[in-house]
Amino acid sequence: GIAAAMGIGLEQIVAGVSAYSRVIGDAGRATIGFRNILSDILSPSAAATEIWDQLFNKTMGQGIVQVRKLLAQDLVGTLRQIAKAMEGQPEVADKLFDNVRGLEAFLSVFASQGDEVLEIFNRIVQENNAVDKAWNELAGSGTRVWSALKEEVIGLAVAMGEKLFGTFWIL
C-alpha cells in the first residue's frame, strides 16, 4: 500500500490512525484522512514538489524524499512539525495537498489538534502491546458501526415490507 511504499511501518500507521480516530471519534474518517495525506505526499504534483523542496531547503525533488524519510521514522511527529511550519499559511498546505480530503484532514487534525494527536500517538507507541490494542480498537469501532448499520437496514426493510405488502398480509 501507500505506507509501505513510503517505508512507514505498520506500528506507525496503526498508532497514527488510532490516535487520530480517538481525537475525531471516527475511525473510518481517520483511516481515509491518513490515506489521502500519505497519497499526496507519495505522489505530489510538480508544484507541490517545488514547495517541499523550498520547505526543506532542497532541490530537484529531494525535499519530498526528505519528508518521506522523516515520516518513516516518526509519522505523526513529522506531520505535526510540517503543520507548525505552515501555521498561518493555509495557502501553502493547499498547494501541498492536491486531494481536498487530504488537505482537510491535514488542516483539521494536524494543524488544529496536532498536539493532542501527537501525545496520544506517543503514548500508544511507547506502551507494551500498543499496536495490538490500537488495532483491536479500530476493528471494534468498525464492527460496532457495521452492527448498527445492519440493524437500521433490517428495521427499514421490515417497515418497507409492512407498508408494501400490508394489504397481502390481511388477505
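Reader: What percentage of the residues in the protein is buried?

Author: This is a predicted model, in which local features need pLDDT of at least 70, side-chain atom pairs count only at pLDDT 80 or more, and totals for chains, interfaces and linings use all residues. Residues are numbered from 1 along each chain as its sequence is written, and side-chain values use heavy atoms, with hydrogens and water left out. Buried means under 20% relative accessible area, exposed over 50% and partly exposed in between, with a 1.4 Å probe and protein chains only. Of the 171 residues in the protein, the buried ones make up 39%.

Reader: And what of the surface: which share belongs to carbon and sulfur atoms?

Author: Accessible areas come from the Shrake-Rupley method with a 1.4 Å probe, and for residues only the protein chains shown count as cover. The protein has about 10,000 Å² of accessible surface. The share of carbon and sulfur atoms in this surface is 56%.

Reader: How many helices and strands are there?

Author: Both are DSSP runs numbered from the N terminus: helices are H or I with at least four residues, strands are E with at least two. Read along the sequence, the pattern is α-α-α-α-α-α-α-α-α-α. The count is therefore 10 helices and, for strands, zero.

Reader: Among contacts between residues at least 6 apart in sequence, what share joins residues at least 24 apart?

Author: A contact means heavy atoms within 4.5 Å. With pairs at least 6 apart in sequence as the starting set, the share joining residues at least 24 apart is 68%.

Reader: Which residues touch the most other members of the largest nonpolar core?

Author: A nonpolar core is a set of buried Ala, Val, Leu, Ile, Met, Phe, Trp, Tyr and Cys residues joined through side-chain atoms within 4.5 Å. The largest one has 42 residues, and H2 gives the most to this core, with seven residues. Leaving aside neighbours within four places in sequence, one of its well-connected members, Leu38, is in contact with Ile2, Ala3, Met6, Ile8, Ile13, Leu71 and Leu75. The residues touching the most other members are Leu38, Ile41, Phe106 and Phe110.

Reader: On H5, over what arc do the buried residues spread?

Author: H5 covers residues 62-73, and its end C-alpha atoms are 17 Å apart, which agrees with the 16 Å expected for 12 residues, taken as 1.5 Å times one less than the number of residues. Its buried residues are Gly63, Ile64, Val67 and Leu71. They lie on the same side of H5 because their arc, that of the directions from the helix axis to the C-beta atoms, is only 95°.

Reader: What is exposed on the other side of H5?

Author: The buried residues of H5 have cover that includes H2 (10-24), H3 (27-42), H4 (46-55) and H6 (75-85). On the other side of H5, the exposed residues are Lys69 and Gln73.

Reader: Which helices do the buried residues of H4 pack against?

Author: In H4, the buried residues are Ala48, Thr49, Ile51, Trp52 and Asp53. Their packing partners are H3, H5, H6 and H7 (90-96).

Reader: Now the loop between H4 and H5: what is the phi of Asn57 there?

Author: Asn57 is in that loop and is exposed, with a relative accessible area of 72%. Most residues other than glycine have a negative phi. Asn57 is not a glycine, yet its phi is positive, at about 55°.

Reader: Which backbone oxygen lies 2.9 Å from a polar side-chain atom of Ser21?

Author: Ser21 lies in helix H2 and counts as buried at 8% relative accessibility. Ser18 is also found in H2, and its relative accessible area is 0%, which makes it buried. The backbone oxygen 2.9 Å from the Ser21 side chain belongs to Ser18.

Reader: Is Val109 buried or exposed?

Author: Val109 has its place in H8 (residues 100-111). Leaving aside neighbours within four places in sequence, Val109 is in contact with Tyr20, Ile24, Glu104, Gly114 and Val117. With 0% relative accessibility, Val109 counts as buried.

Reader: Which residues of H9 are buried?

Author: H9 (residues 114-126) has 13 residues and reaches 18 Å from its first C-alpha to its last, close to the 18 Å expected. The buried residues of H9 are Gly114, Val117, Leu118, Ile120, Phe121 and Ile124.

Technical notes: A polar contact is a pair of N or O atoms within 3.5 Å; within protein, one must be able to donate a hydrogen and the other to accept it, and residues adjacent in sequence count only if both atoms are side-chain atoms.
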